[in-house]
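Student: I've got this chain open in my viewer and I'd like to talk through a few spots. Can we go one piece at a time?

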Amino acid sequence: MTVGVIALLALAACAAEPPPVLRTLDVRPDRGNHAGSAFLTGPSYEIKRFYNEDLEVSFWRGPSPFVFSLAKNDVWDRRYFGDDKRAITIDDVRRICLEGTPGILGTRSQFDTAELGHVPEFPRQSDLGLPNAPHALYLAYDFPCPKPVGQLRLRCPDVEGAEWTAGEGSSDTLVATAQKDDAKAALWAWLHRTQNLLVVQGEYAGLSQPLSIELFRHQDTAPPNNSVDAIAHYNGDAGYDYSQDKDNGPLPHPESGADGRFFWVRQRFHAEKTFPQGFEYVMMAALDEEFWGHDPNPIRPNWVMSPNSLEPFVVHPITDEQERQLAGYQKELRIAAQRVNDSPSGSLTTATVTAPSASFTLYLTVVTTRDAKDPLAAARSRLEAALRKGADALAEESRGVSDEDFRKWRNSRVMHCNATSCTYADQTPWHGDYHWNEGQFTDTIVLGQADTLEQRLLLFEEMLPMLQRNAREVYHCPGLAFSLVHYPIRSGRVVYSNVTWEWGIENTALMLQPFWQVFQYTQDLEFLRKRAYLMLREGARFFAAYVTKEADGHYHVVPTVSQEHWGFSPGFKLNRDSVGALSFIKYHLKACVEASETLGVDAEEREQWREIAAHLAPYPTLETPDGPVFCDVRDAPQLLNYNITANLVMVLWAEDISLDSDPALLELARRSYNALPDKEHSMRPGYLSQIRLFLGMLDAPYLSPQGRVLSWPGRIHLYAGVPAGTSVNDSFSGYLAVGGFEVSAAHSGTEVRNVRITSRAGKTCRLKNPWAPGEVKIVRLPSHDPVPHRLENDTLVFETERGVTYRVFGGTELPLADKRFVKEERLIGRWTFDREQSGVIPDESGNGHDAKLIGEAKVVDGALQLPGGESYARVERTLAFDFAPDQGFAIEARIRLPVTAPTYMVPILCSMDLKQYCFMVSEGKLKLYLSSPRGDVYSFATGKTLLTDDRWHTVRGERNVAEGMIDLYVDGNLEASAPDATEGDFTSSTPLTIGAYLWGDHSRYAEGAIDWVELRTTGRLTE
């Protein structure tokens, strides 16, 4: 779409409501601290975010200025001074806890506050460590920390204070408009999927004052003495002397510059270990010829030195009382945002036009030292290429990026799952670190998206020498041991942050868990042999050395800390045998036993691991009036439920107690959950939902990935997240289960249907009978040959072959198991639009199903042209368009849809009734929707390719009765499959429609062209 077209569309919206294709966005005038917390542009308060996971752009204000704030994943102040400081060791911890020696854990009365009854007061890091311990840095410094890149601001005094609108169009575009008297402003913006390019197109008219386009970066606000963390938690007392560390001051002042149509802001960072020659980023923009033509030299770099020159964009006044009520991390955000707002200087480059109108396309990029040796030159080169291509070609290129290509690009440059990947202030909670004690990725692996963890696993492998050093120096053990957090920095050893929570000994097993799970679910032996086992074995060696066998014959874990609950205690009273440590050590050692057996290595160590896992101390319990319950650490005086449900880690993460466990153990776990205090105010309600899923305690559907396929208990449970008797319509495809099984299924009403299991490794499949105690039959696809199996109580057991797909039948589907698929292709109707007579399109199949043009639909150059509105082609109903439950059929077409095609739905061919089938494009992607037999059971598959790109595509949707699937093809490639949970019987009395979805007030009409479309049978299931 050209600038002119966009501008006309947007300006038209100035005088009326936004176009109906836009999803209206919230443009409240005050986007400040509604909940008290202050982000420079926080995700809770922004209007729209553009995000390709490397570059993040937040649009959050208008109409003058329209403001975009930018962050980039690798823009960090990476300074760190902890490498040369002595870490706190197990000797230090034992000395203070067992001997009471002051000076290590401090002389404060923290032990008194740890008396029975509540969580101890959180002490300063310096109180928890040696006077010069690296842990003290965590609160003393605002760095290492992500840094904001800066802002793009479009300032137009003529529309200041005007009413304005913002909407979201197709391809994730932003359209914003404003009008005040004769002045009009329209904006269109989007972010390229696999290039760090923000494209902003604008149209301004009726101007009496200059329009300016500004790039801005405030001066760094890192304090010379006290960090935001210290202010938020300890009134500025970090307990650490900054002056002893070199280069601990603010960053250099940002720079600005311009050269012709190119203008930029540049920020340099101090040299440090990650970038010993220094790090910098350049935010550069370039304007196209239309804007350039107004002024031969419109871009003027300048310094802004007066605080009065900077508009306070963010922090809105709140009372002292409101601030006192903020949580610690909210205070951090507020203080950080206030500092940015009060920054005494910054760097600003402005492009100005004084003409009464302006039409322009602006290209903006951010390039860092990680991207190129010379970011300034690289940014200019990227923008020169963008100017040559133009906005239309770039938009088409971005739309053509497949989801798979995007994932590859994203995963090559983004470390996922850190606490805060990007920020808009100079400080962010917990430094934006990678939190190790709350990372759990089973759902991601079940979804088949283990590749998104690759950066994380690579980082752990690169950290191996650091992790081994940590085990050796801090714990005096072989193997490897994790600390609590890490940053994207180069350091000589692990990062130390919180000496208390670092002694959650389970952290090491939790961090290594994905290595084992990736193998469990994929059965990739090469991954296990070359990568996973090398890491897992080092963890097992650490645990084997750390535990101690006592006189009771059990192995105990001392000291350990229950995550975020009790901290250290005198005599290690509350530091023995936490549930987290016991359950995860058991989990890890059992995994290593299985891995070593699979690979045939380390037999001697394997037996040691097996023996320890079998004789670990039992989980601690606490007596209550209702009976014993699990508590989080031995001798705990009561249950706590803060942040992490620590007394049930063996259920939540460590996979030791589940709905397949011994009934008495399961009852104990359920009673322990019910005994948890204050569940309704839990900081992590998602954890509670998972526990209820794993213990079979759900009273409402919980359709997480594991709520659909739960396999770690030892067998595959389908729809464990749906309580028995609950009516749910749902389907999924391609989920993974332990043992290398790929699973698809559907839930229709109260019944599981259409179960397909593909074996990747040829292992024995164990499936909880979804229809127990009913009969079950299994066939091999596509032949439908019966497969032998056995039932062990309510468990279905059968042997599999590698690469073979099996269909499992039960319930109302059981009769289908005895049928065979017979391929039977029969053309029912074909409309090519090569001929037209008096508004009638002949049926080229010879079956006489002619189509009649309705409304403004017309044939041009051998294609059906559909302008939208009530225009389509209609085919009168015959029995040939009705399909029986065992009948397969396919719809195929050649279509061309413009980028302006309706976002919600573009119908291609539909048969509408309670029993319906409709082939369409929805949200730009191909879709085949089926509903039968009562209109309350439906299934659909959705494609991946964006089809609203003004190109011809051949598309096909098929009801594949041989395999019980809905299959979609784009340009000859199978693009998506989903289970068909319908019972068939697609009978109707309504006409067939080409280019229309007729359903009362919900009717939709196509915009675009159809070269041809056909309907045919594909085969049937017979006795």
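Student: Which residues of helix H11 (residues 403-411) are buried?

Tutor: Keep in mind that this is a predicted model. Buried here means under 20% relative accessible area. Part of the cover over the buried residues of H11 comes from helix H13 (454-462). The buried ones in H11 are Phe-406, Arg-407, Trp-409, Arg-410 and Asn-411.

Student: OK, on to a helix pair. Is H15 roughly parallel or antiparallel to H16?

Tutor: Helix H15 (residues 507-522) and helix H16 (residues 525-546) have their axes 9 Å apart and pack at about 155°. Angles over 145 degrees count as roughly antiparallel. So H15 relative to H16 is roughly antiparallel.

Student: And how many nonpolar residues does the contact of H15 with H16 have?

Tutor: H15 passes H16 in a left-handed crossing. On the H15 side the contact includes Leu-512, Phe-515 and Trp-516, and on the H16 side it includes Leu-528, Met-535 and Phe-543. By class, that contact has no charged residues, 2 polar ones, and a nonpolar count of 13.

Student: Now Gly-943: buried or exposed?

Tutor: Gly-943 sits in the loop between strand S44 (938-942) and strand S45 (952-960). Leaving aside neighbours within four places in sequence, Gly-943 contacts Lys-925, Leu-926, Leu-968, Glu-975 and Ala-976. Its relative accessible area is 10%, so Gly-943 is buried.

Student: What separates the C-alpha atoms of Gly-943 and Asp-967?

Tutor: Along the chain, Gly-943 and Asp-967 are 24 residues apart. In space, the separation of their C-alpha atoms is 9.2 Å.

Note on methods:
Residues are numbered from 1 along each chain as its sequence is written. This is a predicted model: local features need pLDDT of at least 70, side-chain atom pairs count only at pLDDT 80 or more; totals for chains, interfaces and linings use all residues. Side-chain values use heavy atoms; hydrogens and water are left out. Axes are lines fitted to C-alpha atoms, for helices over the stretch in contact, and angles run from 0 to 180 degrees between N-to-C directions. Helices (H or I, at least four residues) and strands (E, at least two) are DSSP runs, numbered from the N terminus. Angles under 35 degrees count as roughly parallel, over 145 as roughly antiparallel, 65 to 115 as roughly perpendicular and the rest as oblique. A crossing is left-handed if the near helix is turned anticlockwise from the far one by less than a right angle, and right-handed if clockwise. Contact means heavy atoms within 4.5 Å. Ala, Val, Leu, Ile, Met, Phe, Trp, Tyr, Cys and Pro count as nonpolar, Asp, Glu, Lys and Arg as charged, and the others, Gly among them, as polar. Buried means under 20% relative accessible area, exposed over 50%, partly exposed in between (1.4 Å probe, protein chains only).
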